[in-house]
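Please open the structure in your viewer and keep the sequence panel beside it. We will go from one selection to the next, pausing at each stop to see what is there.

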Amino acid sequence: FTGKSGTELLTEKLKKIKVKDFQSIPVVVSENVSVYDAICTMFLEDVGTLFVVNEKSHLVGVLSRKDLLRASMGKQDLSEIPVHIIMTRMPNITICEKEDLLLEAAQKLIEKQIDGLPVVHKVEDGWEVVGRLTKTNVTKVLVNIGRDGLI
Ligand code: ADP
């Protein structure tokens with residue numbers, strides 16, 4: 001018998017959860033698609049964040065709802081603007097890996113005040129996008145604890 005309190009046991013469990021246990025499938029677009037097409041993809045795929053990749057399928061940017069709204073405020077033709085003009089680009093992207101602790105990834109979401117992180121896998125000359133970790137994924141941990149007392 002370890003004599004650990006309920007809180008200690010819960011904390012121990014929380015510290016074992018990895019990004020891969022709660023991540024979702026990423027939705028990616030090419031850097032050459034138009035802002036118009038990215039808006040369509042965001043609606044059709046029902047996500048709040050799109051990841052932008054180059055011809056090698058390496059991560060080059062992120063598009064949020066507000067990025068697309070901002071681009072829509074001007075008078076430009078949205079089908080003429082490629083997303084690489086308006087995206088947040090590497091190296092300014094906050095990333096995580098599937099073996100990272102979920103708590104650390106959640107901390108990044110709060111610190112950077114963003115809705116999601118790309119889950120990436122290092123390759124020779126860049127990062128491949130293998131998943132998506134959002135505030136919703138983190139909220140699911142809370143719901144699981146409340147419902148089952150376990151994760
Ligand atoms: P929204 O703008 O729809 O509220 P976010 O809060 O996620 O969504 O995004 C705010 C800004 O941060 C946007 O300009 C977006 O491109 C950028 N951003 C979103 N996710 C990331 C990330 N993982 N790394 C760096 N920047 C990001």
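Begin by selecting Cys96 in this predicted model. Is Cys96 buried or exposed? Cys96 has 23 C-beta neighbours inside 10 Å, and because a residue needs 20 or more to qualify, Cys96 counts as buried. If you follow the chain to either side, you will see that Cys96 is found in the loop between strand E4 (88-89) and helix H5 (102-112).

Next, display the residues that Cys96 touches, leaving aside those within four places in sequence: Cys96 is in contact with Val19, Ala105, Lys108, Leu117, Val119 and Leu133. For a contrast, add Val83 to the selection; although Val83 and Cys96 are 13 residues apart in sequence, their C-alpha atoms are 23 Å apart in space.

Now zoom out to the whole chain. How many helices and strands are in the chain? There are six helices and six strands, and, read from the N terminus on, they follow the order α-α-β-α-β-β-α-β-α-β-β-α. The C-alpha trace spans about 65 × 35 × 25 Å along its principal axes, and of the 151 residues of the chain, 25% count as buried. Among the contacts with a separation of 6 or more, 60% are made by residues 24 or more positions apart.

Select strand E1 (residues 28-30) together with strand E2 (residues 49-53). These two strands run parallel and are joined by three bridges, and if you colour Val28 you will find that it stands opposite Phe51 in E2. To get from E1 to E2 the chain passes through helix H3 (residues 35-45), and this β-α-β crossover is right-handed. Strand E2 itself is mostly covered, since four of its five residues are buried.

Keep E2 selected and add strand E3 (59-64). Here the pairing is antiparallel, over five bridges, and Val52 has Gly61 in E3 as its bridge partner. E2 and E3 form a hairpin with five residues between them, and in the turn you can pick out Ser57, which has a positive phi of about 65 degrees.

From E3, move on to the ligand and show the 14 residues around it. Which of them come nearest? Ser64, Arg65, Lys66, Thr88 and Asp115 do. Strand E3, helix H4 (65-72) and strand E5 (116-123) are the elements that give two or more residues to this shell, and H4 contributes the largest share, three residues. If you colour the shell by class, you should see four nonpolar, six polar and four charged residues.

Since E5 has just appeared, select it with strand E6 (residues 126-134). The two strands run antiparallel and are joined by eight bridges, and a hairpin connects them through two residues. Close to that connection in the sequence, look for Val123, which stands opposite Gly126 in E6.

The last stop is helix H6 (residues 135-148), where you can make a small check of your own. At 1.5 Å a residue, its 14 residues should span 20 Å, and the C-alpha atoms at its ends are 20 Å apart, so the expected and modelled spans agree. Just after H6, finish by selecting Gly149, which takes a positive phi of about 75 degrees.

Definitions and conventions
Residues are numbered from 1 along each chain as its sequence is written. This is a predicted model: local features need pLDDT of at least 70, side-chain atom pairs count only at pLDDT 80 or more; totals for chains, interfaces and linings use all residues. A residue is near a molecule or strand if its C-beta atom, placed from the backbone, lies within 6 Å of it. Ala, Val, Leu, Ile, Met, Phe, Trp, Tyr, Cys and Pro count as nonpolar, Asp, Glu, Lys and Arg as charged, and the others, Gly among them, as polar. A residue is buried if 20 or more other C-beta atoms lie within 10 Å of its own, exposed if 12 or fewer, and partly exposed in between; C-beta atoms are placed from the backbone. Two strands pair if DSSP finds at least two bridges between them. A crossover is right-handed if, with the strands pointing away from the viewer, the path from the first strand over the helix to the second runs clockwise. The expected span of a helix is 1.5 Å times one less than its number of residues. Two residues are in contact if their C-beta atoms, placed from the backbone, lie within 7 Å.
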